[in-house]
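Where does this protein leave empty space, and how are some of its helices set against one another? Please look at the sequence and the model below with these two topics in mind.

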Amino acid sequence: MTPRRYDIAVIPGDGTGPEVVAEGLKVLEAVSGKKGFELAFRYFSLGGKHYKKTGETLPDGVLESIRGCDAMYLGAIGDPDVPPGILEKGVLLRLRFELDQYINLRPVRLYPGVETPIKHKGPDEIDFVVVRENTEGLYAGAGGILRRGTPHEVAIQESISTRMGVERCIRYAFEACRRRDRAKKLTLCGKTNVLTYTFDLWQRTFNEVGESYPDIETDYVHVDALCMWMIKNPEWFDVIVTENMFGDIITDLGAMLQGGMGVAAGGNINPEGISMFEPIGGSAPKYTGQNIINPIGAILAAKLMLETLGEPEAAQMIERAVMKVLQDDLKGAGAGQMGHSTSEVGDLIVEFIEGE
Ligand code: IPM
Ligand code: MN
């Protein structure tokens, strides 16, 4: 039998991206060896450094090469010297849109051994997933600016929601909820009291799709109240589904609940195509090259990638190793101080995997 083989587009990117990606790749090598599949890493140079050198954001040729891969593994893109919007729109959003990665999946789980800023809440209470719509809303880029720089200036930024886009996202969320072994509850997060057009469409679609999932309890919460409940009663949530901008905001809040940006991971998912996995911490320019940034977020992004590629055993192996290292070696990592360097954390995780 020929071993299963996956081509992975690796984009180390800017700042601390390359440092955390290096640890993720070490871990991926270790589990693929154990579980008998092959990973071929194809490196692509994208991001601020590349843009400053060449003036290119995402060349068409690179996009075409990425289309030939099975998944993408991204460190971080962002550079303090590049004006806001260029890399975000030119690289990240363009990848999401061109590859139709219509789900942004962000698990919020507090692992044992990690501190949360929320007093009296622990791993039993903080374990939910946010399914964020990833190709529409305010991110669609509709609008424009008129008479710029004059007293009569007008700026319009419109939010686009399509029945197709909303429905596929909601369907994905119901399926994800069914697969999870938790409360089987899906919460729609919106703002029906003010954004009466957008969330009329969302709420109707949610109700209609929900009819096919009688096993899933449904709930609705306004986004502002959701921010409050996420802190006060995070245990109320199993899966949350929401539109793009709200999802962006509530998942930064979620990252803090689970111990900080250093441990949070996400996936930009096209269930029928090529998905992109990343730590959600950003490029952290201040810490670049110091070997001090937490690579757990990048390692958990690798775990999400393997799950999506259909390698659940290897994914679980990574998770067991992460849990062991968080519990035994990095206790209190959420507070920011790891007590270990970036590469030591990767080594500890690899060591545990090799010993299994
Ligand atoms: C994220 C980021 C991006 C977003 C930016 C960098 C475009 O904040 O992945 O959450 O807003 O989606
Ligand atoms: Mn964000």
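What follows is a walk through two pockets and then two pairs of packed helices in this predicted model.

Rolling a probe the size of a water molecule over the atoms shows where empty space is left. The largest pocket found in this structure has a volume of about 830 Å³, and of the 28 residues that line it, those closest to its centre are Val-129, Arg-180, Lys-303, Leu-304 and Glu-307. Several elements share in this lining, since at least two residues come from each of the strands β4 (103-109), β5 (127-133) and β11 (265-269) and from each of the helices α5 (163-179), α9 (296-309) and α10 (312-328). Among these contributors α9 gives the most, with five residues. When the lining of the largest pocket is sorted by class, 16 residues are nonpolar, nine are charged and three are polar. Both domains take part in the largest pocket, as domain 1 (1-105 + 268-356) and domain 2 (117-257) each provide at least three of the lining residues.

The second largest pocket holds about 610 Å³ of space, and 29 residues line it, with Glu-88, Leu-92, Arg-96, Tyr-139 and Asp-248 the closest to its centre. Here the elements that each supply at least two lining residues are the strands β3 (71-76), β6 (137-146) and β12 (275-279), together with the helices α4 (86-98) and α8 (244-257). Which helix gives the most to the lining of the second largest pocket? That helix is α4, with six residues. By class, the lining of the second largest pocket consists of 15 nonpolar, five polar and nine charged residues, and at least three residues are drawn from each of domain 1 (1-105 + 268-356) and domain 2 (117-257).

We now turn from the pockets to the packing of helices. Two packed helices are described by the angle between their axes and the distance between the axes. Helix α5, which supplies at least two residues to the lining of the largest pocket, packs against helix α6 (residues 198-210) at an angle of about 45 degrees, with the two axes 9 Å apart. The helices α5 and α6 are therefore oblique to each other, and their crossing is right-handed.

Helix α9, which gives the most to the lining of the largest pocket, has a packing partner in helix α1 (residues 17-35), and the axes of α1 and α9 come within 8 Å and cross at roughly 45 degrees. That angle makes α1 oblique to α9, and α1 passes α9 in a right-handed crossing.

Technical notes: Residues numbered from 1 in each chain as written. Chains lettered and ligands numbered in written order. Predicted model: local features only at pLDDT ≥ 70, side-chain atom pairs only at ≥ 80, totals over all residues. Heavy atoms only, no water. 1 Å grid on protein atoms, 1.4 Å probe; cavity = no way out; pocket = protein on both sides within 12 Å on 5 of 7 lines; lining within 4 Å. Points joined across faces, edges and corners; volume = space filled by probe spheres on them. Helix = DSSP H or I, 4+ residues; strand = E, 2+ residues; numbered from the N terminus. Nonpolar A, V, L, I, M, F, W, Y, C, P; charged D, E, K, R; others polar. Domains from an automatic or database assignment. Axes fitted to C-alpha atoms, helices over the stretch in contact; angles between N-to-C directions. Parallel < 35°, antiparallel > 145°, perpendicular 65-115°, else oblique. Left-handed = near helix turned anticlockwise from the far one by under 90°.
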